[in-house]
Amino acid sequence: MAIDIQPPISHKPDLKLDLAYPKDLREITEVWYKCFPEPFIRQMFPYTPSVLQWWNDANGYDMANKPYVKFLVVRDMSKEGNGRIVGYAKWWVPKEDGRFTVEERFPKWEEKSDRALCDVWFGQMAKERKELMGDKPYYYLDMLGTIPEYRKLGVANRLMQWGVVKADKDNLECFVAASDKGKPVYEKFGFFPEEPFAVPGTGFYCTTYIRPAKK
């Protein structure tokens with residue numbers, strides 16, 4: 001899949017936050033690829049039919065079987081937008097018993113994925129999360145993305161607001177590990193960066209951001 005740089009939209013969007021449904025899975029996958037075009041990411045998850053289906057199946061399983069994993073989407077309901085999904089987030093929320101354990105985020109890697117690199121990358125992030133957060137309950141922002149032509153229009157704000165409002169109500173921390181591309185949004189919502197960590201053997205750096213519980 002070639003990286004298609006789209007110019008900012010010229011119309012006024014009508015943005016609506018909504019929970020995602022199974023019918024949205026394919027579009028969510030396409031949004032993910034538009035949001036994360038970096039060669040490092042594409043090395044892990046090449047844009048092939050089998051890997052696309054792997055994403056659809058992985059997200060579909062979580063949507064159907066993990067009520068504590070919430071997929072949110074922002075749609076452009078304007079005439080020009082025609083209801084398209086322009087951003088999405090995946091939040092893990094504490095279970096009913098108050099305990100929070102992030103289970104395996106993904107199923108077995110698809111054959112055409114770079115399995116070794118996936119193990120290193122996601123293994124390092126899981127290690128960092130475990131060391132910083134332990135087994136205490138918290139809100140985990142697993143994914144956040146806005147397609148390029150809709151950035152700086154409030155899409156990410158809506159997706160972030162959903163989680164931090166709930167975290168404040170429960171008096172819990174929030175956690176995200178990401179590149180610094182989203183740093184302005186995280187800091188706007190009160191997240192504080194930890195020391196960036198390198199993913200072994202990749203030259204790629206990731207930063208953990210933690211938002212304190214509301215006092």
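**Exercise 1. Describe how helix α1 passes helix α3, and which residues make the contact.**

Solution. In this predicted model, helix α1 crosses helix α3 in a right-handed manner. As a next step, consider the geometry: α1, which spans residues 25–35, packs against α3 at an angle of about 120°, and their axes are 9 Å apart. The angle makes α1 oblique to α3, because values from 65 to 115 degrees would count as roughly perpendicular and values over 145 as roughly antiparallel. Then turn to the residues: α1 contributes L25, R26, I28, T29, E30, W32 and Y33, while α3 contributes V51, L52, W55, N56, N59, G60 and M63. Sorted by class, this contact of α1 with α3 holds 8 nonpolar, 4 polar and 2 charged residues.

**Exercise 2. Classify the aromatic pair of W54 and W109, and place both residues in the chain.**

Solution. Begin with the total, which is 24 aromatic pairs in the structure. In the pair of W54 and W109, the ring centres are 5.7 Å apart and the planes make an angle of 40°. Since planes under 30 degrees apart count as stacked and those over 60 as edge-to-face, this pair is tilted. Next, locate the two partners: W54 belongs to helix α3 (residues 49–65), whereas W109 sits in the loop between β3 (84–92) and α4 (115–133), so that the pair links distant parts of the chain, 55 residues apart. Both W54 and W109 are buried. Finally, widen the view to the cluster that ring pairs build, which includes W54 and W109 along with W32, Y33 and W55.

**Exercise 3. Find where P13 lies, and decide whether P13 is buried, partly exposed or exposed.**

Solution. P13 is found in the segment before β1 (15–19). Its relative accessible area is 22%, and because buried requires a value under 20%, P13 counts as partly exposed. Leaving aside residues up to four places away in sequence, P13 touches D76, S78, Y150 and L153. One of these, Y150, is 137 residues from P13 in sequence, yet the two C-alpha atoms are 8.8 Å apart in space.

**Exercise 4. Work out what is notable about phi in K152 and N171, and how accessible each residue is.**

Solution. Recall first that most residues other than glycine have a negative phi. K152, in the loop between β4 (139–146) and α5 (155–170), has a positive phi near 70° although it is not a glycine. With 86% relative accessibility, K152 counts as exposed. N171, in the loop between α5 and β5 (174–178), likewise has a positive phi, of about 55°, without being a glycine. With 43% relative accessibility, N171 counts as partly exposed.

How values were computed
Residues numbered from 1 in each chain as written. Predicted model: local features only at pLDDT ≥ 70, side-chain atom pairs only at ≥ 80, totals over all residues. Heavy atoms only, no water. Phe/Tyr/Trp six-rings, centres within 6.5 Å; stacked < 30°, edge-to-face > 60°. Helix = DSSP H or I, 4+ residues; strand = E, 2+ residues; numbered from the N terminus. Buried < 20%, exposed > 50% of the residue type's maximum accessible area, 1.4 Å probe, protein only. Axes fitted to C-alpha atoms, helices over the stretch in contact; angles between N-to-C directions. Parallel < 35°, antiparallel > 145°, perpendicular 65-115°, else oblique. Left-handed = near helix turned anticlockwise from the far one by under 90°. Contact = heavy atoms within 4.5 Å. Nonpolar A, V, L, I, M, F, W, Y, C, P; charged D, E, K, R; others polar.
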